[in-house]
Structures are given as structure tokens and as C-alpha cells.
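Colleague: Please take a close look at one part of this model: the place where the chains meet. Start from each partner and work inward.

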Amino acid sequence: MSDATVVLIVMTVGTFAFKSAGPLVLGDRSLPVRVQQVVDLLPAALLAALTIVSTMGDGRAIVVDARLVGVVVAGVALWRKLPFVVVVVVASAATALTRLIS
Amino acid sequence: MNEVDDAARKRAIHRQAASIVASVAPFGIVFGAAAATAGLPLLQAMGFSLFVFGGSSQFAAVEILGDGGSIASAAIAGLLLNVRSLAFGVIMAPALVGTWWQRAAMSQLMIDESTAVGAAQHERRWRRYGYLVAGVGVFVVWNLTTVLGHVAFAGAGDLITELGLDAAGPAAFLALLWPRLSSAPQRRTAIAGALIALALIPFAPPGVPILASMLGVAFAWVGVPRLAVADGSGPETETPS
């Protein structure tokens with residue numbers, strides 16, 4: 001077996017264990033109210049972290065580049081209540097334009 | 001009346017999922033091309049996209065293998081990137097109802113994008129619907145573009161930056177976050193989560209900052225008077241700090 005095949009098998013098994021632990025172990029049983037309140041808040045932390053890391057992260061470096069311009073423009077578009085698809089398109093366009101002129 | 005509401009909700013979810021699925025396509029092409037560059041045959045590249053199905057972890061593992069890294073270092077780096085799925089699973093578990101094998105099958109679709117679209121919805125059935133639509137959409141597009149990238153593209157990385165497509169993902173995540181920001185505890189959690197993740201980028205392996213952002217929940221009720229907490233706008237007992 002090649003190295004890549006071994007890595008593929010280990011990662012498949014491990015990743016599936018991580019992915020399925022919640023749905024298989026917790027299932028849809030209802031959690032205590034306090035825990036449920038915390039779980040209701042988790043998506044906010046998660047979405048904010050995904051936003052910031054995919055905007056300013058580059059491996060282990062924090063970088064400020066054209067992506068940030070796009071995300072700020074996305075913020076303005078959201079504040080102007082523009083539709084989801086438009087927000088994503090203007091963010092990409094602003095980032096591309098920033099790279100073009102810089 | 002209800003049917004009209006349902007149809008509108010479905011359309012909104014489809015639009016969210018479509019943008020996020022489209023934003024994944026160029027990265028699939030780049031992954032396929034990167035796998036080819038690292039010397040992986042097409043079948044192995046496809047195996048990663050089908051069975052591991054976790055974009056950033058696939059990139060990390062393939063990059064390390066291509067650089068001549070050990071099996072252990074490639075597998076550990078890849079798995080560390082996917083530890084955050086544990087937290088995603090806790091968020092999504094109540095919505096992913098079904099028999100155990102249905103839940104197992106739905107779990108395979110658990111990635112940033114499906115969890116983001118699912119978690120952005122409010123009712124349980126729409127969380128499940130959003131998760132599945134985005135998850136299946138990304139799964140199909142990710143696998144097709146992996147093949148396309150492997151056979152047809154090399155050095156497609158420029159394509160992503162030239163078209164600004166690397167801003168599409170973060171913009172979509174921000175758009176999914178946006179409606180939550182009108183609630184104070186949610187807003188505090190989001191700000192704290194973002195700051196925690198940002199602060200950890202230089203110090204933790206990729207993937208860990210996103211996992212650690214969940215600790216931002218501890219700041220949800222900071223500065224809220226105990227009275228407000230007692231009237232139901234916060235937890236009934238002590239304010240966490």
C-alpha cells in the first residue's frame with residue numbers, strides 16, 4: 001500500500017468518527033435547558049470564526065489582503081439588505097478589483 | 001398560507017446553498033490539481049474527496065505527502081483539521097433525525113458549508129433541510145471538480161485569486177451570521193468567537209482556532225445584569241464569565 005493510501009484510510013476512519021459522534025451518540029434526545037442555551041449560541045461563534053479565519057488566515061499567519069476588502073464590502077451589502085447571492089458576488093468582484101489595481 | 005411560507009423558505013435556503021456550493025467549485029479544481037502535482041493517482045485523489053470529504057484537511061494531507069512528509073504527519077495534520085466536526089455534530093445532532101444509519105449517512109456530509117447553512121436556519125426541520133441541500137450540493141460539486149482539476153488543470157491557484165473567489169467563502173459565512181447579530185447574546189458570542197479564532201491563528205494548527213471559537217459562548221451574557229438574566233433573556237443562574 002502506498003503512503004497516500006494509508007493516510008487516506010486513517011483520515012477516512014478518523015474524520016468519520018469526528019463527524020458522526022454527535023448525531024450517533026447524542027441523536028435527537030433533548031439536552032438540558034442550560035446546555036441547549038449554549039448550543040443555540042454555538043453557531044454564532046462558529047460562523048464568526050469561519051468568517052474571520054477564511055478572511056485573514058493563511059496557514060499560521062494572519063494576513064491583511066484583498067479578501068478583507070471583499071468581506072467589508074459584503075458587510076456593507078448585508079447592511080443594505082442586499083440578497084445573499086449579490087453579497088457573495090460583490091465580495092468576489094471587490095476582491096478581484098482590489099488585486100487588479102494594487 | 002403555510003405552503004407559501006414553506007416554499008419561500010425553501011427558495012431562500014436554495015439560494016444560500018447555491019452560492020456556497022458555487023464558491024467551493026474552484027477549490028475542488030485546485031485540490032485535484034494539487035493532488036496531481038503531489039503525485040497522487042486520480043483514484044487516490046477521488047478517494048480523499050469521496051471518503052474524507054473535508055476540503056482543508058485534504059489539502060493539508062496532500063501537501064504534506066507531496067513534500068515527502070511522513071504518513072503520521074500527513075494523517076495527524078489532516079485529522080486535526082477535522083476535529084471541529086465534533087462540535088459541528090453537537091450543533092447539528094438534534095436536527096439530523098433518522099435511523100442510526102440515516103444519521104451516519106448524513107454525518108458524512110458534515111463540513112463547514114453544510115453546518116453553516118443548516119445552523120443558520122431557526123426551525124429544526126429547516127436546519128436539517130439546509131444542511132442536506134448544502135451538504136449534497138457541495139459533495140457532488142467537490143467530487144466532480146476534484147476529477148476535473150486532476151485531469152485538466154495544473155496551477156489553477158491563480159484562477160481563484162484573479163477572480164476574487166477566495167472572498168466568496170468568507171462573504172457567504174458572514175451573510176449566514178448576519179441575521180444573528182441583532183440579538184445581544186448572539187452578537188457577543190460572535191465577537192468573542194471571532195477574536196478567539198483570530199488570536200489563535202499563529203499559535204494553533206489550522207482548524208483548531210475554529211474549534212476554540214466555541215468558547216466565545218462564555219461571553220454571551222457578560223455585562224448583563226442579573227435581573228435581565230433572571231427574566232429569561234439569559235441563563236437562569238449565575239452569569240458565566
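**Where the chains meet**

Modeller: Start with chain A: the centres of its domain 1 and domain 2, taken over C-alpha atoms, are 28 Å apart. Keep in mind that this is a predicted model. Domain 1 of chain A covers residues 1-30, and domain 2 covers 32-101.

Chain A holds four helices and two strands. From the N terminus, the order is α-α-β-β-α-α. The radius of gyration of chain A is 20 Å, well over the 13 Å from the globule rule for 102 residues, so chain A is more spread out than a compact globule. The C-alpha trace of chain A spans about 50 × 50 × 25 Å along its principal axes. Of its 102 residues, 44% count as buried. Take contacts in chain A between residues at least 6 apart in sequence: 30% of them join residues at least 24 apart.

Now the partner. Chain B has 13 helices and zero strands. Its radius of gyration is 20 Å, close to the 18 Å that the globule rule gives for 241 residues, so chain B is as compact as a globular protein of that length. Its C-alpha trace spans about 60 × 50 × 40 Å along the principal axes. In chain B, 53% of the 241 residues count as buried. Among its contacts between residues at least 6 apart in sequence, 66% join residues at least 24 apart.

Chain B is split as well, into domain 1 (2-165) and domain 2 (183-241). Nine residues of domain 1 of chain B are in contact with seven residues of domain 2 of chain B. On the domain 1 side, α3, α4 (71-82) and α5 (84-92) of chain B each supply at least two residues. α4(B) gives the most to that side, four residues. By class, the domain 1 side has six nonpolar, two polar and one charged residues.

Next, the contact between the chains. Here 81 residues of chain B are in contact with 65 residues of chain A. On the chain B side, the largest share comes from helix α10 (residues 168-177), with ten residues. The chain B side divides into 54 nonpolar, 21 polar and six charged residues.

Helix α10 of chain B turns up again at helix α3 of chain A. α3(A) covers residues 66-79. At 1.5 Å a residue, its 14 residues should span 20 Å, and the end C-alpha atoms are 20 Å apart, so the two agree. Its buried residues are A66(A), R67(A), V69(A), G70(A), V71(A), V73(A), A74(A), A77(A) and L78(A). Their cover includes α2 (33-56) and α4 (84-101) of chain A, together with α10 of chain B. After α3(A) comes K81(A), with a positive phi near 60°.

Chain B has a helix whose packing also takes in the other chain: α2(B), residues 42-52. Its buried residues are A45(B), G47(B), F48(B), S49(B) and V52(B). They pack against α1 (3-26) of chain A, and against α1 (2-37), α3 (55-66) and α8 (124-152) of chain B. α2(B) is followed by F53(B), whose phi is positive, near 45°.

Now single residues. T189(B) sits in helix α11 (residues 184-200) of chain B. It counts as buried because 32 C-beta neighbours lie inside 10 Å, and 20 are enough for that label. Beyond its neighbours within four places in sequence, T189(B) is in contact with L41(A), A44(A) and A45(A), and also with G216(B), V217(B), F219(B) and A220(B). M214(B) is 25 residues away from T189(B) along the chain, yet their C-alpha atoms are separated by 8.4 Å.

A49(A) reaches across too. Not counting residues up to four places away in sequence, A49(A) touches G193(B), A194(B), A197(B), P209(B), I210(B) and S213(B).

Last, the nonpolar core. The largest one has 106 residues. The members that touch the most others are A45(A), A49(A), A74(A), A91(A), A61(B), A171(B) and A175(B). Several have appeared already: A45(A) is a contact of T189(B), and A74(A) is one of the buried residues of α3(A).

Methods: Residues are numbered from 1 along each chain as its sequence is written. Chains are lettered from A and ligands numbered from 1 in the order in which they are written. This is a predicted model: local features need pLDDT of at least 70, side-chain atom pairs count only at pLDDT 80 or more; totals for chains, interfaces and linings use all residues. Two residues are in contact if their C-beta atoms, placed from the backbone, lie within 7 Å. Ala, Val, Leu, Ile, Met, Phe, Trp, Tyr, Cys and Pro count as nonpolar, Asp, Glu, Lys and Arg as charged, and the others, Gly among them, as polar. The expected span of a helix is 1.5 Å times one less than its number of residues. A residue is buried if 20 or more other C-beta atoms lie within 10 Å of its own, exposed if 12 or fewer, and partly exposed in between; C-beta atoms are placed from the backbone. Domain bounds come from an automatic or database domain assignment. The radius of gyration is taken over C-alpha atoms; the globule rule is 2.2 Å times the number of residues to the power 0.38. A nonpolar core is a set of buried Ala, Val, Leu, Ile, Met, Phe, Trp, Tyr and Cys residues joined through C-beta atoms within 7 Å.
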